[in-house]
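Notebook open, coffee poured. I wanted to look up salt bridges and buried spots in this one, so here is the model first.

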Amino acid sequence: MGLMIDSLKQKMRKKEMILEQILSKERSSSQIKSQLMQNKSLKTIELGERWGLENRVVFRNPSVPLIYQMSMQQGQECGTRGDSINSTGALVAYSGKKCGRVPKDKRIIIDSVTEKDVWWGDVNIPLSKESYIEVERIALEYLGSQEKLFIIDGYAGWDIKHRLRIRVFCTRPYHALFMKNMLIRPNEEELKKDFNGDVDFYIFNAGPQIIQKHIEGVTSEGCVAVNLIERKMVILGTQYAGEMKKGVFGVTHYLFPKQGILTLHSSANEGEDGDVTLLFGLSGTGKTTLSADPKRKLIGDDEHAWSDDGIFNIEGGCYAKCVDLSKEKEPEIFNAVKFGAVLENIEYYSYSNRQVDFSNISITENTRVSYPLEFIPGAKFPAQGTHPKNIFFLTCDAYGVLPPVSLLTPEQAMYHFISGYTAKVAGTEVGVKEPQATFSACFGEAFLALHPTLYANMLAQKIKQHHTNVWLINTGWTGGKYGVGQRMSLKYTRAIIDLIHCGQLKNAQFENFPIFNFKIPKSAQDIPTEILNPRNTWINSNEFDQQLKELALKFMVNFKKYEDKATIDILNAGPKL
């Protein structure tokens, strides 16, 4: 009899466990429905009727755990593989066919205002107001047809006097978490005060929806349309999250300079004495590596602005490349891959153990991770600083002819800021077998709304006013071009930067570097004297002279497109053959 009773108890317990699982699912669903009903009260004219979304069920500024839950439930509805959670707790998501920005699909709305002040050309391609209306209609129609709608509110800019209020509409949970990370997160009081009506800029991310009809000025199934006057951005045909981040950055490049604030595609850190350094550099120059200095606080890794009060980070988070990421090489970023972070377009060693294979680039080389700034130990809050004492222009010169460090005049700073030089080497892109010079105006040409000389003139005014030192740092090759010489020692580059930060290098004896007319130090503590002048590191000095002339010519040819708006002082600051 006892055995029979035990058997019945086990069966009852099993049924209870099954029932508990069912009820748990129902409670989970009920909790979601409850939040949805609560959020219905938030559907003011601003959130609903104004955009034709009055029938939507809205998740407004949802918690991170709820976003995770929604990600697991969404599955493959957007034409990508389903989201998952990796072994360290980060959300893993996929952007589909587009794994990077699509600059050829980016459009700026042209009207009576933007026609006069936007820098039109390959970077900023015009789209008529009529075409924009149709693009926006398609996006809103898509957003209004989906089961769930996410709204994320946040600031762009840590300076409370200049920050922009941003509102994002999207349907993918991973997009919501991405912008929750990348924007500066308001507290409850700020949400009630600053986000209860109109905001400064709207993003309508309908990325899963492609364009299936002809629209004048749109040349593909996707379009990233930015309306600078109405302060709206529409995304169609791409689910790559970085479009939202850089869309906000591009808008600050238009709005901030009109207020006398210079926007900067740079990283920034701060020393123990409060001295601030800005680091500019294109991909592969060492901007992220060199800004992560254990002796200095990180202000930000990518987007900053310089006002009359000093510099401030525009973002609330970081969006770091993570190909070959390791704890040994980049411990801060590696340890930031945890609950609340978003890993984008990665592969696992094994799906069962969910361990990320950071060396796998079968999806894309542009594998990235997004995380809040507070995930980095030693980050400064608020992310602001005084006027910069030093500015570094980082270049990876694969031709091996630029000095490891040069002190620039204000005019040279303007010239090289506009030029934004680095070099690609073999293996970085398909078809690149020899070093190739690359120029990106202001070290961020893709995001410039106004002519590069406008930003350069603002930079010159600020460095003169605040006595900022500007240095050109070559992190590329020495002793010969790529394939012949060797990469500049990171140990020496760090030592040079340390000497600049402590003020020793500014007081060194300098000599003139020919053709480019840079001031280069004759000696520096702990740095081999011969590497300070790259001509001394080449076996054949005639070959060096020829390579230097060829690089100077590339600069001169590139700068021709800016000559119409450049002053005589800027033109004279370039290389002379």
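My entries on salt bridges and one buried residue follow.

This is a predicted model, so I keep in mind that local features need pLDDT of at least 70, side-chain atom pairs count only at pLDDT 80 or more, and totals for chains, interfaces and linings use all residues. Residues are numbered from 1 along each chain as its sequence is written, and side-chain values use heavy atoms, with hydrogens and water left out.

Salt bridges. I looked for a side-chain nitrogen of Lys or Arg within 4 Å of a carboxyl oxygen of Asp or Glu, and the count came to 31.

I checked Asp302 and Lys245, whose side chains form a salt bridge at 3.0 Å, N to O. Asp302 sits in the loop between β13 and β14, Lys245 in helix α7, 57 residues apart. (Helices, H or I, of at least four residues and strands, E, of at least two are DSSP runs, numbered from the N terminus.) Asp302 is buried at 9% relative accessible area, and Lys245 is buried at 5%. My cut-offs: buried is under 20%, exposed over 50%, partly exposed in between, with a 1.4 Å probe and protein chains only. Both residues belong to a salt-bridge network with Lys246, Lys287, Glu303 and Glu315.

I also noted Asp117 with Lys258, a salt bridge at 2.9 Å, N to O. Here Asp117 is partly exposed at 22%, and Lys258 is partly exposed at 48%.

Asn205. I found this residue in strand β8, buried at 2% relative accessibility. Its contacts (heavy atoms within 4.5 Å) include Leu143, Phe169 and His175.

How values were computed. Lists of a residue's contacts leave out its neighbours within four places in sequence.
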